[in-house]
Amino acid sequence: MHAHQRIPPRVAAATTRTYDGGEEQLAMSAHINKLDRGMGQIAARIFAANQQMNQLLIEALNPAAWKAKPPGGVRTIAAIFTHMHNVRCKWVRLTASHLTVPALLNRAHCTPDEARAGLAESGSRCVEMLTHALGGDSPVTEFLRDSLAQPWPVGPEMLCYMVAHEAHHRGQVCMLAHQLGFPLAGKVTSAMWNWERLWRD
Ligand code: NI
């Protein structure tokens, strides 16, 4: 299901940034800038599809699973989703200070509806941040995933990190739902992996 895919040559070329020599370099830079603007929009769509998966998952969860205490003293499902939202807020606050940071969610009181609304808002803000950062036309030049972390120059790896973080936590939620006795239907877990369908929607 998660077989490695070959990077299409067009994308590989767009991410190659080392050039040398005069006019050819200028022409190539213009070409790359144009591709980069497209890259900002593609990154925005990728993150929006990822955000749809979170919404699908929250909608499909049995409400009784939301605050149920999982075995082993690990975070509740409510705490995982509030963490995802709060981490997004941190990324935006540290990386794109020109954007308004949404209010944080409290794991102890947050309902599934509040989590959905919060994630929709922080998701939109991440989409804006990615559009600006990867589109190459904003003051955002570095991605700060944490105040103690080394900043990364903005690029596709920023998007990969953000999407992987959320997929990791969706996996935890699916596992916890199962362990708590509220397993998700197969059609829900398949829909969560259907990037092609979410991409079209
Ligand atoms: Ni995390």
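1. I would begin at the surface side of a pairing in this predicted model: Asp-146 is partly exposed, its relative accessible area being 25%, and Lys-90 falls in the partly exposed class as well, with a relative accessibility of 24%. The side chains of these two residues form a salt bridge, with N and O 2.8 Å apart. The bridge connects distant parts of the chain, since Asp-146 sits in the loop between strand 1 (142–143) and strand 2 (152–153) whereas Lys-90 belongs to helix 3, with the two positions 56 residues apart in sequence.

2. The overall architecture is worth setting out before the other details. The secondary structure of the chain amounts to seven helices and two strands, and, read from the N terminus, the order of elements is α-α-α-α-β-β-α-α-α. Of the 201 residues in the chain, 39% are buried. Among contacts with a separation of 6 or more, 70% are between residues 24 or more positions apart.

3. Confidence should be read region by region. The chain has a mean pLDDT of 86, and 82% of its residues reach 70 or more, but the values vary along the chain: confidence is lowest in helix 1 (residues 9–14), where the mean is 39, and highest in helix 3, where it is 98. The pLDDT is below 50 over residues 1–20, a stretch that has 14 contacts in the model beyond near neighbours in sequence.

4. Which residues coordinate the nickel ion? The ligands are His-83, His-165 and His-169, each through its NE2 atom, at 2.1 to 2.2 Å. Along the chain these donors follow the spacing H-x81-H-x3-H. The pair His-83 and His-169 joins distant parts of the chain, the former lying in helix 3 (residues 77–95) and the latter in helix 5 (residues 156–179), 86 residues apart. Are His-83 and His-169 buried or exposed? Both of these histidines are buried.

5. The two helices that carry this histidine pair also pack against each other, helix 3 and helix 5 meeting at an angle of about 170° with their axes 9 Å apart. Because angles over 145 degrees count as roughly antiparallel, helix 3 is described as roughly antiparallel to helix 5. On the helix 3 side the contact includes His-83 together with Ile-77, Ile-80, Phe-81, Met-84 and Trp-91, among others. On the helix 5 side the residues in contact include His-165 and His-169, as well as Met-158, Tyr-161, Met-162, Val-173 and Leu-176. The metal ligands named above are thus also listed in the helix–helix contact.

6. The salt bridges deserve a point of their own, as a search of the whole structure finds seven of them. Side chains of opposite charge can pair when their charged atoms come close. One example is the bridge between Arg-125 and Glu-121, with 3.9 Å from N to O; given a cut-off of 4 Å, this pair is one to inspect by eye. Arg-125 and Glu-121 both lie in helix 4 (residues 112–135), four residues apart, which is about one turn of the helix.

7. Arg-125 has a second partner, for Glu-128 forms a salt bridge with Arg-125 in which the closest N and O atoms are 3.2 Å apart. Glu-128 and Arg-125 are likewise both in helix 4, three residues apart, or about one turn of the helix. Through shared partners, the salt bridges join Glu-121, Arg-125 and Glu-128 into one network.

8. What is the burial state of the network's members? Arg-125 is buried, with a relative accessible area of 14%, because buried means under 20% relative accessible area. Glu-121, in contrast, is partly exposed at 37%, and Glu-128 is also counted as partly exposed, with 32% relative accessibility. Leaving aside neighbours within four places in sequence, Arg-125 is in contact with Val-92, Leu-99, Thr-100 and Pro-102.

9. A final point concerns Ala-191, which is placed in helix 6 (residues 186–193) and is partly exposed, with a relative accessible area of 27%. Ala-191 and Leu-57 are separated by 134 residues in sequence, yet their C-alpha atoms are 9.2 Å apart in space. With neighbours within four places in sequence set aside, Ala-191 is in contact with Leu-56 and Leu-198.

Conventions:
Residues numbered from 1 in each chain as written. Predicted model: local features only at pLDDT ≥ 70, side-chain atom pairs only at ≥ 80, totals over all residues. Heavy atoms only, no water. Donors = N, O, S within 2.8 Å, 3.2 Å for Na, K, Ca; no water. Buried < 20%, exposed > 50% of the residue type's maximum accessible area, 1.4 Å probe, protein only. pLDDT = per-residue confidence, 0-100. Contact = heavy atoms within 4.5 Å. Axes fitted to C-alpha atoms, helices over the stretch in contact; angles between N-to-C directions. Parallel < 35°, antiparallel > 145°, perpendicular 65-115°, else oblique.
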